[in-house]
Amino acid sequence: MDYSVQEIKDWLKRIGKNRKWLAEKCFVAKSTVDCWLAPTRDIPPAKVAYIKKLMEESWSVGSSSPINYDAVITFPVRLTPEEWEMLLPPDIDPKDHVAAEKYVRDLLQSVVDSTPPMPRPKDDE
C-alpha cells in the first residue's frame, strides 16, 4: 500500500498525534518531519516502512480503540547481516522491513505466550 503525504497528515489528525510525536517515534527532529511532509520532499524508505507500520497497526485495532504508542516498549537489537538472514525464514525478504519486523514481533509474542509466568516472591523473602 502506498501512502501519500496527505494520508499521513490525515492519519496523524485522526489518531490525535502531531508532527512532534511522529518525529519522536522516527528518532528525528520535528523539522525533519516537516520537510518530509512538504510537497517536494521524499521520506527515506526505512522511515516510510516504519510510518506504514504505525499506520497499519492503528488501522488493525480499529478507530474505537487506537494503539497508545506511548505505552509501547521499544528496544534496539543489533544483528549482523548473517544473523538477520538466519533469523528470518526464507519466504521473507530481509529488505522488506515491514514483513521482517512483523515476523520478529510475532516470534517474540509466541515466546511470551508460551512462557509460564514467573512466581511472585513472598513478602517475607
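Select Ile 8, Lys 9, Trp 11, Leu 12 and Ile 15 in helix H1, and then add Arg 19, Trp 21 and Leu 22 in helix H2, because these two groups meet in contact, where contact means heavy atoms within 4.5 Å. Helices are DSSP runs of H or I with at least four residues, numbered from the N terminus. The residues of this contact divide into six nonpolar, no polar and two charged, with Ala, Val, Leu, Ile, Met, Phe, Trp, Tyr, Cys and Pro counted as nonpolar, Asp, Glu, Lys and Arg as charged, and the others, Gly among them, as polar.

The model is predicted, so local features need pLDDT of at least 70 and side-chain atom pairs count only at pLDDT 80 or more, while totals for chains, interfaces and linings use all residues. Residues are numbered from 1 along each chain as its sequence is written, and side-chain values use heavy atoms, with hydrogens and water left out.

Now show H1 and H2 as ribbons: they pack at an angle of about 105 degrees, with their axes 10 Å apart, and that makes H1 roughly perpendicular to H2, a term for angles of 65 to 115 degrees. The axes are lines fitted to C-alpha atoms over the stretch in contact, and angles run from 0 to 180 degrees between N-to-C directions.

Next, keep H1 and select Ile 8, Trp 11, Leu 12 and Ile 15, which are its buried residues; buried means under 20% relative accessible area, exposed over 50%, and partly exposed in between, with a 1.4 Å probe and protein chains only. Seen down the axis of H1, these residues fall within an arc of 100 degrees, so they line one face of the helix.

Widen the view to the largest nonpolar core, which has 15 residues, and in which Ile 8, Trp 11, Trp 21, Leu 22 and Ile 51 have the most contacts. Such a core is a set of buried Ala, Val, Leu, Ile, Met, Phe, Trp, Tyr and Cys residues joined through side-chain atoms within 4.5 Å. Helices H1 (5-15), H2 (19-26), H3 (30-36) and H4 (45-61) each supply at least two residues of this core.

Finally, visit two loops. Phe 27 lies between H2 and H3 and is exposed, with a relative accessible area of 69%; Phe 27 has a positive phi of about 60 degrees although it is not a glycine. Leu 37 lies in the loop between H3 and H4 and is buried, at 4%, and Leu 37 touches Val 5, Ile 8, Lys 9 and Arg 19, not counting residues up to four places away in sequence.

Definitions and conventions
Angles under 35 degrees count as roughly parallel, over 145 as roughly antiparallel, 65 to 115 as roughly perpendicular and the rest as oblique. The arc is that of the directions from the helix axis to the C-beta atoms.
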